[in-house]
Each structure stands twice: as C-alpha cells, then as structure tokens.
Amino acid sequence: KVVNDSVLCVAIDNGAGTYLDCQVEKLKADVELARKNGYTLLMFQHEPIATDIEKYENTSCLDTNCADPVKQNFNFRGPNNIGGIDREVSEATRKIFEIIQSSPDVIKGVFSGHRHYNFYYEITADDGTLIPQYVMRASAYDEYGNIAKIVVE
C-alpha cells in the first residue's frame, strides 16, 4: 500500500521462520516500483532477520511481557537467518536478504515482532549503509497495548 504518495508499505510473511520462493519476485517488483516512483519502502514482517554485525552478538532487549520489565541479552549475530541464528536458511530467504541488502536506496526500515522484546538493530547493506530494523513486542499482552508511530521525512 502506498501512503501519502511517498511511502510503499510492504507486508511479507515469514512467520514460519523462512521466506517463500513466491515472495522473491514480488519483493523485487516492489523495490523496482519504489525506485521508479521515488518511494520510501518500509517492510513489515513477523520475524526479524539476524545480521552479521558483531555488536549484535549480545543485543540488549527489553522484555515487557512481565509485571516488572527486565533487560535480557540475545544473540542476533549470524548469517541471514530469520528469527535467530539457530535457523536453517532457505534459498528464498537468502534471495530476500540479498534484495534487502542491495536496496538501501529505497528500503528504509524493516519492522517485525516475534521475539516479544522491544529492540533495535541494523542490517548492513551492500554499500555499507545501515538499514534500520525495529523489533516490537505484541500489543496484546496487557490492557494498554503497544504502539509505534512511524515518521518518514
């Protein structure tokens, strides 16, 4: 969906810990559409993507699913695994990750949940720039929920 004639929001399902072959060409087409029209592309998916950045080997996460929120550390350094470093990497997952890495000109953020923690980290693009990845906990855990406001300038 295009928002305000400038932001292309793309939802992609990776909730089974992998991307599917049928999603590769669709994401390529969305990236090309964003380039052609000068859109910012934001990706929304279920599970985050592990990166190869060393500092994320010990990612500090805020677990807010309990009465007293606590910080925990999570290893999110690895190849392009979905959901964590202990996952098998399918060919489609590798291709989707390559599309993301080669598209920092249009992909300006990846948003996910799954880990049930709030944390932020980055994906290194082919040109060395960093693509932000935001992981948010679900909003169904308490009466107040969880919300994020996304501002694109």
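Two strands count as paired when DSSP finds at least two bridges between them. With that in hand, let's explore this predicted model through a few exercises.

**Exercise 1: The neighbours of β8**

Task: Find which strands pair with β8, and in which sense each of them runs.

Solution:
- Step 1. Start with strand β6, residues 107-112, and strand β8, residues 130-135: three bridges pair them in the parallel sense.
- Step 2. Pick out one residue of β6 as an example: V110 has Q133 in β8 as its bridge partner.
- Step 3. Now turn to strand β7, residues 119-124, which runs antiparallel to β8 and is joined to it by six bridges.
- Step 4. Look for partners again: Y121 is bridged to Q133 in β8, while the partner of E122 in β8 is P132.
- Step 5. Put the two sides together: Q133 is the bridge partner of V110 and also of Y121.

As background, strands of a sheet pair through backbone hydrogen bonds, and they can do so in parallel or antiparallel fashion.

**Exercise 2: The turn between β7 and β8**

Task: Work out how many residues lie between β7 and β8 in their hairpin, and which residue in the turn has a positive phi.

Solution:
- Step 1. Follow the chain from β7 to β8; five residues lie between the two strands of this hairpin.
- Step 2. Check the backbone angles in the turn: G128 has a positive phi, of about 95°.

**Exercise 3: The whole sheet and its helices**

Task: Write down the order of the strands in the sheet, then decide which of them stand at the edges.

Solution:
- Step 1. The sheet is open and has six strands, in the order β1-β2-β3-β6-β8-β7, with mixed pairing.
- Step 2. The edges belong to β1 (2-3) and β7; each has a single partner strand, so one side of each has no neighbour in the sheet.
- Step 3. Add helix α1, which packs on the sheet and touches β2 (7-12), β3 (40-45) and β6; the directions of α1 and β2 make an angle of about 175°.
- Step 4. Add helix α2 as well: this helix packs on the sheet with contacts to β2, β3, β6, β7 and β8, and its direction makes about 85° with that of β7.

**Exercise 4: Salt bridges within a helix**

Task: The model has six salt bridges. For the pairs E25 with K28 and E91 with R94, find how far apart the closest N and O atoms are.

Solution:
- Step 1. The cut-off for a salt bridge is a nitrogen-to-oxygen distance within 4 Å.
- Step 2. For E25 and K28, the closest N and O atoms are 3.3 Å apart. Both residues sit in helix α1 (residues 21-37), three residues apart, or about one turn of the helix.
- Step 3. For E91 and R94, the corresponding distance is 2.0 Å. These two are also three residues apart, here in helix α2, so about one helical turn separates them.
- Step 4. Consider accessibility: E25 is exposed at 51%, whereas K28 is partly exposed at 39%. E91, at 41%, is partly exposed, and so is R94, at 29%.

**Exercise 5: A link across the chain**

Task: Locate the two partners of the salt bridge between D105 and R35, and name the network they belong to.

Solution:
- Step 1. The side chains of D105 and R35 meet with 2.7 Å from N to O.
- Step 2. D105 lies in the loop between α2 (91-101) and β6, while R35 is in helix α1; 70 residues separate them, and the pair links distant parts of the chain.
- Step 3. D105 is partly exposed at 44% relative accessibility, and R35 is partly exposed at 32%.
- Step 4. Widen the view: a network of salt bridges links E32, R35 and D105.

Technical notes
Residues numbered from 1 in each chain as written. Predicted model: local features only at pLDDT ≥ 70, side-chain atom pairs only at ≥ 80, totals over all residues. Heavy atoms only, no water. Helix = DSSP H or I, 4+ residues; strand = E, 2+ residues; numbered from the N terminus. Buried < 20%, exposed > 50% of the residue type's maximum accessible area, 1.4 Å probe, protein only. Contact = heavy atoms within 4.5 Å. Axes fitted to C-alpha atoms, helices over the stretch in contact; angles between N-to-C directions.
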